[in-house]
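Got your viewer open and ready? Let's take a short walk through this model, one selection at a time.

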Amino acid sequence: MMQSKTVEIAVGIFVALGLGALFILAMQVSNLSNLGGDDGYEVRAGFDNIGGLKVRSPVTVAGVRVGRVAAIDYDDENYQAEVILRIDPRFDAFPLDTSASIFTSGLLGEQYVALEPGGDMEYLRDGDRITLTQSALVLEQLIGKFLFSQADKE
Amino acid sequence: MAGMIRRLGRWGLSFFERLGRGHLFLLEALAGLPSLLSRPGLVVQQLYSVGVLSLLIIVVSGLFVGMVLGLQGYNTLVGFGAEQSLGMLVALTLVREMGPVVTALLFAGRAGSALTAEIGLMKATEQLSGMEMMAVDPMRRVVAPRFLAGFISMPLLAAIFSTVGIYGGYFVGVGLLGVDAGAFWSQIQDKVDLHEDIYNGVIKSLVFGFAVTWIAVFEGYDATPTSEGVSRATTRTVVHGALAVLALNFVLTALMFGEI
């Protein structure tokens with residue numbers, strides 16, 4: 001049998017390596033570092049159609065990611081999808097009349113919420129509601145519109 | 001005809017007998033775990049032979065698996081102009097599947113076979129009955145520490161495998177093939193979810209560690225006490241361990257990621 005001190009040191013190094021690897025996986029590899037925990041403020045927005053938007057989809061302004069979709073719900077008074085956007089506390093100066101649209105990144109990419117700042121002097125605060133929204137483009141609807149417009153021409 | 005039915009019956013009986021013995025054995029081994037609290041040295045000794053000695057093969061395989069994933073992934077993705085997603089492909093493959101599964105297969109080959117051979121030889125040379133004679137319970141003295149050590153080592157080894165593999169993919173993708181380093185890491189961080197991917201990977205490796213160690217220790221303890229019996233038990237450990245890991249992997253993947 002090997003000297004017990006050497007064995008203990010080797011086991012200690014092994015366990016430290018293993019835990020270190022888990023730590024690297026959690027911090028460097030996973031999204032933990034850019035989740036930002038639960039801080040940030042929440043803004044609501046109602047969309048007629050959210051298409052393929054999912055919880056945790058990105059929220060961007062001018063292409064820069066400023067937050068994520070925190071929750072998606074259905075509002076049965078307005079017959080709309082209620083999307084809760086959680087925005088990083090660093091970006092706290094969006095005018096009240098900011099508009100939100102759902103776009104697709106690339107041709108087949110995933111969908112995201114793009115915010116476009118307006119000109120109001122007041123800023124959006126936690127719990128505010130974005131009123132100017134533009135729904136996701138649904139391919140079938142586009143094709144349908146196109147077909148109707150063709151039919152009208154004739 | 002009658003002989004065939006008789007053989008089938010005998011086979012069935014012995015199958016269920018082994019199955020039952022295996023589970024009773026597991027219960028006994030688990031019952032022996034609390035007694036380890038007073039003798040942690042036994043577990044440390046086993047962690048050394050099960051974990052530390054497997055480290056080399058895990059690190060080297062992880063590195064090469066990651067490098068191959070980087071190469072193959074790059075060659076496929078570049079056809080779509082999507083080589084920026086290489087990091088995501090390598091990391092998700094490793095964390096979700098390759099890390100736990102390949103580690104468990106290597107673990108069954110490296111540590112599992114050693115456990116079976118060691119316990120089997122102890123039985124063949126009548127050390128186990130000698131212990132019983134001296135009122136030392138071999139379940140507590142021999143089986144329980146090995147069981148616990150295997151259970152602890154597997155997730156650590158799998159995490160090391162995945163981490164080394166991701167750096168291997170990074171080396172090939174960023175170092176040799178010229179993928180942008182920032183895109184590599186940002187794609188990884190964007191797509192790998194702490195709960196969905198990393199926790200589930202750890203759960204997988206815990207389950208695999210449990211299954212492989214159980215099979216290895218049981219096969220050793222249950223081996224026919226001859227040199228041939230020990231060699232057969234060792235083979236069975238590797239074969240059954242690998243089959244159990246692959247089958248469990250499908251079930252766990254379906255439960256965790258599938259929408260079946």
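Before the first stop, a bit of vocabulary: two strands pair if DSSP finds at least two bridges between them. Keep in mind, too, that you are looking at a predicted model.

**Stop 1: strands in chain A.** Select residues 111–116 of chain A, which form strand β6. Now add residues 58–61 of chain A, strand β2: β2(A) and β6(A) pair in the parallel sense over three bridges. To see one of the partnerships, click V59(A), whose bridge partner in β6(A) is V113(A).

Next, add residues 99–104 of chain A, strand β5. Which way do β5(A) and β6(A) run, parallel or antiparallel? They run antiparallel, with six bridges joining them. Here you can click S101(A) and find its bridge partner in β6(A), A114(A).

**Stop 2: two helices in chain B.** Select residues 86–124 (α4) and 227–256 (α9) of chain B; their axes come within 8 Å and cross at roughly 150°. Angles over 145 degrees count as roughly antiparallel, so α4(B) is roughly antiparallel to α9(B). The crossing of α4(B) and α9(B) is right-handed. Their contact has 13 nonpolar, nine polar and one charged residues.

**Stop 3: a hidden space.** How many cavities of 30 Å³ or more does the structure hold? Just one, and the largest cavity has a volume of about 80 Å³. To find the largest cavity, select some of its lining residues, including L22(A), L25(A), V95(B), P155(B) and I198(B). Elements giving two or more residues to this lining are α1 of chain A together with α4, α6 and α8 of chain B. What classes of residue line the largest cavity? Its lining has nine nonpolar, three polar and no charged residues.

Note on methods:
Residues are numbered from 1 along each chain as its sequence is written. Chains are lettered from A and ligands numbered from 1 in the order in which they are written. This is a predicted model: local features need pLDDT of at least 70, side-chain atom pairs count only at pLDDT 80 or more; totals for chains, interfaces and linings use all residues. Side-chain values use heavy atoms; hydrogens and water are left out. Helices (H or I, at least four residues) and strands (E, at least two) are DSSP runs, numbered from the N terminus. Axes are lines fitted to C-alpha atoms, for helices over the stretch in contact, and angles run from 0 to 180 degrees between N-to-C directions. Angles under 35 degrees count as roughly parallel, over 145 as roughly antiparallel, 65 to 115 as roughly perpendicular and the rest as oblique. A crossing is left-handed if the near helix is turned anticlockwise from the far one by less than a right angle, and right-handed if clockwise. Ala, Val, Leu, Ile, Met, Phe, Trp, Tyr, Cys and Pro count as nonpolar, Asp, Glu, Lys and Arg as charged, and the others, Gly among them, as polar. On a 1 Å grid over the protein atoms alone, a cavity is a set of points where a 1.4 Å probe fits but cannot get out, and a pocket is an open set with protein on both sides within 12 Å along at least five of seven lines; lining residues have an atom within 4 Å of a point. Grid points are joined across faces, edges and corners, and a volume is the space filled by probe spheres set on the points.
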